[in-house]
Amino acid sequence: MNSFLGRPYLDSYSLTADEQYAVNVVELPGGIKKTLFLLEIPEDRVSKLLSSKESLAPCDIAVFVYHSSDESSWKRATELLMDVAGHGEDTGYEVPCLIVAAKDDLDSFPMAIQNSTRVSQDMGIEAPIPISSKLSDFNNIFRRMVNAAEHPHLSIPETEAGRSRKQYHRLIN
């Protein structure tokens, strides 16, 4: 969020306790400008958010950020991704999703590439996007967010239960 607003990198980090907002303009190729509004939701509030059927309706994209050298962070990000994907499938409010591997300047945890490739392939979404705020390497993340929102069908995750349900409905029809 800080990098999106052009704030400098800070070595210290404090866990997000409250929702945080950020708004900025993203310039796309051809000089096209889009306004990107970000809302950071603390992970302990996601279950409350998903308690409402229509909670994802106003959401254009969900981005799951994890610490690339911390396996428990990766596991929690994938759990949240599965929760959001399942909620979308159950309610009809499916949301395109991206996974971001933050702190790419640090060594990844063992099996990181294999785990992230498997999850992204299984769910039919793009592999995690590596970024490093410390190195100011954002890998066009903000443009990629806009692109995913503009072309949602390319980034909507699908759970195993969702695939089975679709296959069942195809067979019945």
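## A walk through the predicted fold

In strand E2, Leu39 is the bridge partner of Tyr21. That pair is a good place to start in this predicted model. Tyr21 and Leu39 sit in a pairing of strand E1 (residues 20-27) with strand E2 (residues 33-40), which is antiparallel and runs over eight bridges. The hairpin of E1 and E2 has five residues between the strands, and there Gly30 takes a positive phi near 85°.

Next comes a sheet with another sense of pairing. Strands of a sheet pair through backbone hydrogen bonds, in either a parallel or an antiparallel way. Here, three strands form an open sheet in the order E3-E4-E5, with parallel pairing. Strand E3 (62-67) and strand E5 (129-130) each have a single partner strand and stand at the edges, so one side of each has no neighbour in the sheet. Strand E4 (residues 97-102) is joined to E5 by two bridges, and these strands run parallel. Within this part of the sheet, Ala101 stands opposite Pro130 in E5. Helix H4 (residues 141-150) packs on the sheet and touches E3, E4 and E5, its direction making about 165° with that of E4. Helix H2 (residues 71-91) lies across E3 and E4 and runs at about 165° to E3.

From H2 we can step across to H3. Two packed helices are described by the distance between their axes and by the angle between them. The axes of H2 and H3 come within 12 Å and cross at roughly 5°. Angles under 35 degrees count as roughly parallel, and H2 and H3 are therefore roughly parallel to each other. On the H2 side, the contact involves Glu71, Trp74, Thr78, Leu81, Met82 and Ala85, which meet Asn115, Ser116, Val119 and Met123 in H3. By type, the residues of this contact of H2 with H3 divide into six nonpolar, three polar and one charged.

Helix H3 also leads us to a pocket. Which helix gives the most to the lining of the second largest pocket? It is H3 (residues 112-123), with four residues. The second largest pocket has a volume of about 160 Å³. Among its lining residues are Ala112, Ile113, Ser116 and Thr117, along with Tyr66, Ser68, Asp104 and Ser108. Some names from earlier return here: Ser116, from the contact with H2, is in the lining, and so are Ala101 and Pro130, the residues that stand opposite each other in the sheet. Overall, the lining divides into seven nonpolar residues, four polar and one charged.

Methods
Residues numbered from 1 in each chain as written. Predicted model: local features only at pLDDT ≥ 70, side-chain atom pairs only at ≥ 80, totals over all residues. Heavy atoms only, no water. 1 Å grid on protein atoms, 1.4 Å probe; cavity = no way out; pocket = protein on both sides within 12 Å on 5 of 7 lines; lining within 4 Å. Points joined across faces, edges and corners; volume = space filled by probe spheres on them. Nonpolar A, V, L, I, M, F, W, Y, C, P; charged D, E, K, R; others polar. Pairing = 2+ DSSP bridges. Contact = heavy atoms within 4.5 Å. Axes fitted to C-alpha atoms, helices over the stretch in contact; angles between N-to-C directions. Parallel < 35°, antiparallel > 145°, perpendicular 65-115°, else oblique.
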